[in-house]
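Reader: I should like to request a close look at one part of this model, with the cut-offs stated for each term. The structure is shown below.

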Amino acid sequence: MRRAIYPGSFDPVTFGHLDIIKRSSKLFDEIIVGVLNNSQKNALFSIDERVNMIKELTREYPNVRVDSFEGLLVDYAKQVDASIIIRGLRAVTDFEYELQIAQTNHVQYQNLETVFLTTSLNYSYLSSTIVREFASHGGDISRFVPAEIIPLIEDKYNRK
Ligand code: ADP
């Protein structure tokens, strides 16, 4: 059983994330999308909102489940008995940080391997930060996120 965790902030989830989820669901038996509950970060969406959005948008994949976690990824991986971490690589700028984290996690937990998927060319520029930035100025985000979640994002900025 190859159980993999795809961890991240997903604040909010984008087409880039969904592309990685779709592709990794074909590579592994089970994918757990792990939404990181990081109290240090001032998030736009609550953990429950993020988990629910991703659940709705990944309903078509029977082997994908969505969960949240706090603390160290290695501890979470042990807890859910996962041996693979999936990360997306967009550009060289992602590389140095991701390499360091992957090596640290491997030192901490030898059975854990990190697998990198290169981003699809059409989403290589895309990040949750870009989505928030555009949405906060009333920009068009229809190329960045699925139509279902656009009103939820816009709502956050209208209320502020
Ligand atoms: P984190 O705060 O952990 O970087 P993110 O939600 O920003 O969380 O990203 C989660 C994962 O998804 C990371 O591995 C990141 O590289 C990857 N990712 C983010 N945006 C894209 C994209 N446009 N295409 C492919 N992978 C992406």
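Reader: How many aromatic pairs does the count come to? Please start there and continue to the surroundings of the ligand.

Author: The model is predicted, and local features are reported only at pLDDT of at least 70, side-chain atom pairs only at pLDDT 80 or more, while totals for chains, interfaces and linings use all residues. Residues are numbered from 1 along each chain as its sequence is written, and side-chain values use heavy atoms, with hydrogens and water left out.

The count comes to five aromatic pairs, where rings of Phe, Tyr and Trp (its six-membered ring) pair if their centres lie within 6.5 Å, and planes under 30 degrees apart count as stacked, over 60 as edge-to-face and the rest as tilted. One of them is stacked because the ring centres of Phe-15 and Tyr-123 are 6.0 Å apart and their planes meet at 25 degrees. Phe-15 belongs to helix 1 and Tyr-123 to the loop between strand 5 (113–118) and helix 5 (128–136), so this pair ties together parts 108 residues apart in sequence. Helices (H or I, at least four residues) and strands (E, at least two) are DSSP runs, numbered from the N terminus.

The loop between strand 1 and helix 1 contains Phe-10 and Pro-12. Most residues other than glycine have a negative phi, and most peptide bonds are trans. Phe-10, however, has a positive phi near 50 degrees, and the bond joining Asp-11 and Pro-12 is cis, with omega about 0 degrees.

Tyr-123 also appears beside the ligand: of the 15 surrounding residues (a heavy atom within 4 Å), Tyr-6, Ser-9, Gly-88, Thr-119 and Tyr-123 come nearest. Polar contacts are pairs of N or O atoms within 3.5 Å. Oxygen atoms of the ligand lie 2.5 Å from a polar backbone atom of Gly-88 and 3.2 Å from a side-chain N or O atom of His-17. A ligand nitrogen is 3.2 Å from a polar side-chain atom of Arg-90. Of the 550 Å² that the ligand exposes when taken alone, the protein buries 87% (Shrake-Rupley method, 1.4 Å probe). Two or more residues of the shell come from each of strand 1 (3–8), helix 1 (15–27) and strand 4 (84–89).

Conventions
A polar contact is a pair of N or O atoms within 3.5 Å; within protein, one must be able to donate a hydrogen and the other to accept it, and residues adjacent in sequence count only if both atoms are side-chain atoms.
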